[in-house]
Amino acid sequence: MIWCVEDDASIRDIEVYALRSVGFEARGFSDGAAFWDALRAERPELVVLDVMLPGIDGVELLSRMRASDALRDIPVIMATAKGTEYDKIHGLDLGADYYLAKPFGVMELVSCVKAVLRRCRRGSAEHTGLSAGGVSLDAGAHTVTAGGQRITLTYKEFELLAYFMENAGIALSREKILNSVWNYDYFGDARTIDTHVKKLRAKMGDKGKYITTVWGMGYKFEVE
């Protein structure tokens, strides 16, 4: 079931119709409060979430979902008229799986939903535990320890570390990291990656040295 949270009835109806026309079950919500109440009784496979909503806005809803053990792994596509680079980065940093800027075509929406579902299903089928050099990551429990100490990571910091550890010893370009972790086409500002790596290294303490810089390219996770 795909849930579409959109206060504009005409857009919401088009989204639901387009998804149903290709075989998805889809349901629409006109505001954040109704959507949040429905989550108490049912769990969607993916959410298409508008940012500018009456009452509880999309950013707050996304933050609540990513803070909930029961809801954090539901894929979320942010669909909004806001399209600046800052807005994209902000939404993705909060844990959105994709950022779809309005106006968008119905086939673009359908393709995006299919792509995000494929990626998330593939990820859920992979191993949930990773460990190297005193760093342990449990994807199921969404926990990380470094040197025996539990560390608190944001949603994207967690995904970034998991990606590094899954590709240990491999030099990864910034473009590849952004496309794989944020699932979004590279839009030119390497500072998005660099800022997250800097914060991740700091939180990992002396284990942060495992994330090495590959000059002129990107990064590599390599245990001594």
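Which residue takes a positive phi in the hairpin of β11 and β12? To find out, open the predicted model and follow the stops below.

**Stop 1: the hairpin**

Select strand β11, residues 211-214, together with strand β12, residues 218-221. These two strands run antiparallel and are joined by four bridges. Three residues lie between them, and in this hairpin Gly216 is the residue with the positive phi, near 80°.

Now highlight Tyr219 in β12, the bridge partner of Thr213. Tyr219 also stands opposite Leu172. To see where Leu172 fits in, add strand β10, residues 172-173, to your selection: two bridges join β10 to β12, and this pair of strands is antiparallel too.

**Stop 2: a cis peptide bond**

Next, go to the loop between β5 and α5, where you will find Pro103. Look at the bond between Lys102 and Pro103: the peptide is cis, with omega at about -5°.

**Stop 3: a network of charges**

Stay with Lys102 and show its side chain. It meets the side chain of Asp50 in a salt bridge, at 3.3 Å from N to O. This pair links distant parts of the chain, since Lys102 sits in the loop between β5 (98-101) and α5 (106-125) while Asp50 belongs to strand β3, 52 residues apart. Is Asp50 buried or exposed? Asp50 is buried, with a relative accessible area of 4%. Add Glu6 to the view as well: Glu6, Asp50 and Lys102 are linked in a network of salt bridges.

**Stop 4: a bridge between strand and loop**

Select Arg27 and Glu42, whose side chains form a salt bridge at 3.4 Å, N to O. Here again distant parts of the chain are linked: Arg27 is in strand β2 (residues 26-29), and Glu42, 15 residues apart from it, is in the loop between α2 (32-39) and β3 (46-50). Arg27 is partly exposed, with a relative accessible area of 33%, and Glu42 is partly exposed as well, at 34%.

**Stop 5: a bridge within a helix**

Finally, move to helix α6, residues 155-166. The side chains of Glu159 and Lys156 meet there in a salt bridge of 3.0 Å, N to O. Why are they separated by about one helical turn? Because Glu159 and Lys156 are three residues apart in the helix. Both residues of this pair are buried.

If you would like to keep exploring, a search of the whole structure finds twelve salt bridges, including the ones visited at these stops.

Technical notes
Residues numbered from 1 in each chain as written. Predicted model: local features only at pLDDT ≥ 70, side-chain atom pairs only at ≥ 80, totals over all residues. Heavy atoms only, no water. Salt bridge = Lys/Arg side-chain N within 4 Å of Asp/Glu carboxyl O. Buried < 20%, exposed > 50% of the residue type's maximum accessible area, 1.4 Å probe, protein only. Pairing = 2+ DSSP bridges.
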